[in-house]
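Thanks for sending this one over. Here are my notes, point by point, to read with the model open beside you.

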2 protein chains.
Amino acid sequence: MVPTTWRERRRAEAVAEIKDVARRLLVAGGPSAISLRAISREMGMTTSALYRYFASLDALVAALRGELFEELGRVTQSARDEAPTDDPILRVLAMARAFRQWGLEHRQEFGLMLGPPVAGVAGPDQEPSAPDDAVACVGVAFLGEFAELWRRGTLVIPAVDPIEGYLVPSLDMYVAERADLEPLVVFAFLSAWTKLYGIIAMEIFGHMTWAVTDTEEFFEAELAEFARQLAGETNNVPGPG
Amino acid sequence: MVPTTWRERRRAEAVAEIKDVARRLLVAGGPSAISLRAISREMGMTTSALYRYFASLDALVAALRGELFEELGRVTQSARDEAPTDDPILRVLAMARAFRQWGLEHRQEFGLMLGPPVAGVAGPDQEPSAPDDAVACVGVAFLGEFAELWRRGTLVIPAVDPIEGYLVPSLDMYVAERADLEPLVVFAFLSAWTKLYGIIAMEIFGHMTWAVTDTEEFFEAELAEFARQLAGETNNVPGPG
DNA sequence: TAGACAGAGTGAACATCATTCACAGTTCGG
DNA sequence: CCGAACTGTGAATGATGTTCACTCTGTCTA
């Protein structure tokens, strides 16, 4: 499995360098700035030589996208592992912060990964409901903490009407030891997951500047309220006065 | 203001047709499929002639984007106006449903509008915190209902720690009669707004298929829980059992 | 009303891009 | 050690945005 022959090692290096240059171009000028010609120029190669490593530009971008998901997954999970083991809520918060932080530091990458699907990269020809969808990589880590929270009996969630039927049935497959998740837990996770995505994506895509000046403070306020809800400590406030 | 001379009328028609064709191309093949050459071909014109109407391809796309925001604004607000005037919560729900529905029926447009900023269309050179940001057009309608809800004293919101400081100060400018919005109300709106964006964008961008089969049911469940929270009727459920 | 002027369209040109192909050099395995 | 697979080359094709010098034609003014 590990490259042994010279050619294989050389090839792996080339693939890695191509993806590195592609990422640099992405960061510098957005997805449309990733061009085989620019890559070949920077690497001192012919453009056609790149086709020995990737079937097309789209294939390259798809590979890069996959690698970025791995990176984001590593980052969030290592943030989780630095949080105290016995406090799932703190672990969730740590992951959420790491998620946002990485996104802010890698806006273009974030857009490529979690923006609208790019034409040839994740088109409708791909199987739509692939169970190993790249997005799952990072989402599942959150799900795991919700499962742990539920296992301890400290998870407080709103009772939702007809919860059955619309969740992917084998979702607890991802969770350690097949937790046999209550659908309500999955709903609680999804609710938090979509909300997290909303805040972060909106900020990174620049759709929040018209309403919020200090997005970090807003994010922390949302996080605090979220933690309060998880602990069942919501103290509501009635109308004006 | 209204075009009177023949040339002006003719010009307005041409501009409209160009944007129409551009939109058709967008729908058919994504943003990268919008090309001046394809437009000119379809219109039986020379490509260079298009430069009499738009300074560049990016300018065309930007104009199209603006028009799409107007359309989405009209759709959501007309959905609101069909809901009972005396029930702000129902009005918010109607707008949320219309928002999602329009997005699902116009995925490419939605991506262009609310996805990551496209290179030349909404680049960093544009003024970042423009108060008339296009996203505001649709968001403000939601804010208005929250203001109304608050005015009636029926809005129940969580108490959030240090709310001052990170909100755009002149946000109540948008609200009818300058409501002098309590920051807490703005926070409640933003919380709902980001959440709504999260659910809808995630679904439209295809980032939810790995976890949810029937996204419509999930959306309705979230909506119901949201309405319950707004009315202060959350009935929580403790851990496993 | 006649002429000046701005608007609208043309066709050629240049630079960029992805992709393919026949060809040649290099490395590996039997 | 020799054939086969791998890696790279250079030319070619056809797509793209953008510019420029031109014509032609409405429109407005003197």
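1. A word on terms before we start: a polar contact here is a pair of N or O atoms within 3.5 Å. With that in hand, take A:Arg7, where an N or O atom of the side chain sits 2.9 Å from a base oxygen of DNA strand C. Please keep in mind throughout that this is a predicted model.

2. Two other arginines reach DNA strand C in their own ways. The side chain of A:Arg37 brings an N or O atom to 2.4 Å from a base nitrogen of the strand. For B:Arg7, the partner is a sugar or linking oxygen, with a polar side-chain atom 3.3 Å away. Helix H1 (6-29) and helix H2 (36-43) of chain A, along with helix H1 (6-29) of chain B, are the elements that give two or more residues to the surface near this strand.

3. How many residues surround DNA strand C? There are 24, and A:Arg37, B:Arg11, B:Thr46, B:Arg52 and B:Tyr53 are the closest. Sorted by class, this surface has nine charged, eight nonpolar and seven polar residues. On the DNA side, 51% of the strand C atoms within 4 Å of the protein belong to sugar or phosphate, and the rest belong to bases.

4. Now for DNA strand D. It has 22 residues around it, and those that come nearest are A:Arg11, A:Thr46, A:Arg52, A:Tyr53 and B:Arg37. Sugar and phosphate make up 50% of the strand D atoms that come within 4 Å of the protein. The surface near strand D divides into eight nonpolar, seven polar and seven charged residues.

5. Some individual contacts to the phosphates of strand D are worth a look. In the side chain of A:Arg11, an N or O atom is 2.3 Å from a phosphate oxygen of DNA strand D. The side chain of A:Tyr53 likewise has an N or O atom 2.3 Å from a phosphate oxygen of that strand. B:Trp6 takes part through its backbone, with a polar atom 3.2 Å from a phosphate oxygen. The elements that give two or more residues to this surface are H1 of chain A, together with H1 and helix H2 (36-43) of chain B.

6. Moving on to helix packing in chain B, how do helix H4 (residues 88-105) and helix H6 (residues 134-151) lie, parallel or antiparallel? Their axes come within 9 Å and cross at roughly 165 degrees. Angles over 145 degrees count as roughly antiparallel, so H4(B) is roughly antiparallel to H6(B). The crossing is left-handed. From H4(B), the contact draws on B:Pro88, B:Ile89, B:Arg91, B:Val92, B:Met95 and B:Ala96, and from H6(B) on B:Ala141, B:Phe142, B:Glu145, B:Phe146, B:Glu148 and B:Leu149. By class, that contact has nine nonpolar and three charged residues, with no polar ones.

7. Also in chain B, helix H3 (residues 57-82) packs with helix H5 (residues 107-114) at about 110 degrees, their axes 10 Å apart. The two helices are therefore roughly perpendicular to each other. B:Val61, B:Arg65, B:Leu68, B:Phe69 and B:Leu72 of H3(B) meet B:Glu109, B:Leu112 and B:Met113 of H5(B). Six of the residues in this contact are nonpolar and two are charged, with no polar ones.

8. In chain A, have a look at helix H4 (residues 88-105) and helix H7 (residues 183-204), which pack at an angle of about 25 degrees with their axes 10 Å apart. That angle makes H4(A) roughly parallel to H7(A). H4(A) passes H7(A) in a right-handed crossing. A:Ala96, A:Phe99, A:Arg100, A:Gly103 and A:Leu104 in H4(A) meet A:Trp193, A:Leu196, A:Ile200, A:Glu203 and A:Ile204 in H7(A). The contact holds seven nonpolar, one polar and two charged residues.

9. A last stop is A:Glu71, found in helix H3 (residues 57-82) of chain A. Leaving aside residues up to four places away in sequence, A:Glu71 touches A:Arg23, A:Trp102 and A:His106. With A:Arg23 there is a polar contact of 2.7 Å between the side chains. A:Thr209 is 138 residues from A:Glu71 along the chain, and their C-alpha atoms are separated by 28 Å.

Notes. Residues numbered from 1 in each chain as written. Chains lettered and ligands numbered in written order. Predicted model: local features only at pLDDT ≥ 70, side-chain atom pairs only at ≥ 80, totals over all residues. Heavy atoms only, no water. Near = heavy atom within 4 Å. Polar contact = N/O pair within 3.5 Å; in protein donor to acceptor, adjacent residues only side chain to side chain. Helix = DSSP H or I, 4+ residues; strand = E, 2+ residues; numbered from the N terminus. Nonpolar A, V, L, I, M, F, W, Y, C, P; charged D, E, K, R; others polar. Axes fitted to C-alpha atoms, helices over the stretch in contact; angles between N-to-C directions. Parallel < 35°, antiparallel > 145°, perpendicular 65-115°, else oblique. Left-handed = near helix turned anticlockwise from the far one by under 90°. Contact = heavy atoms within 4.5 Å.
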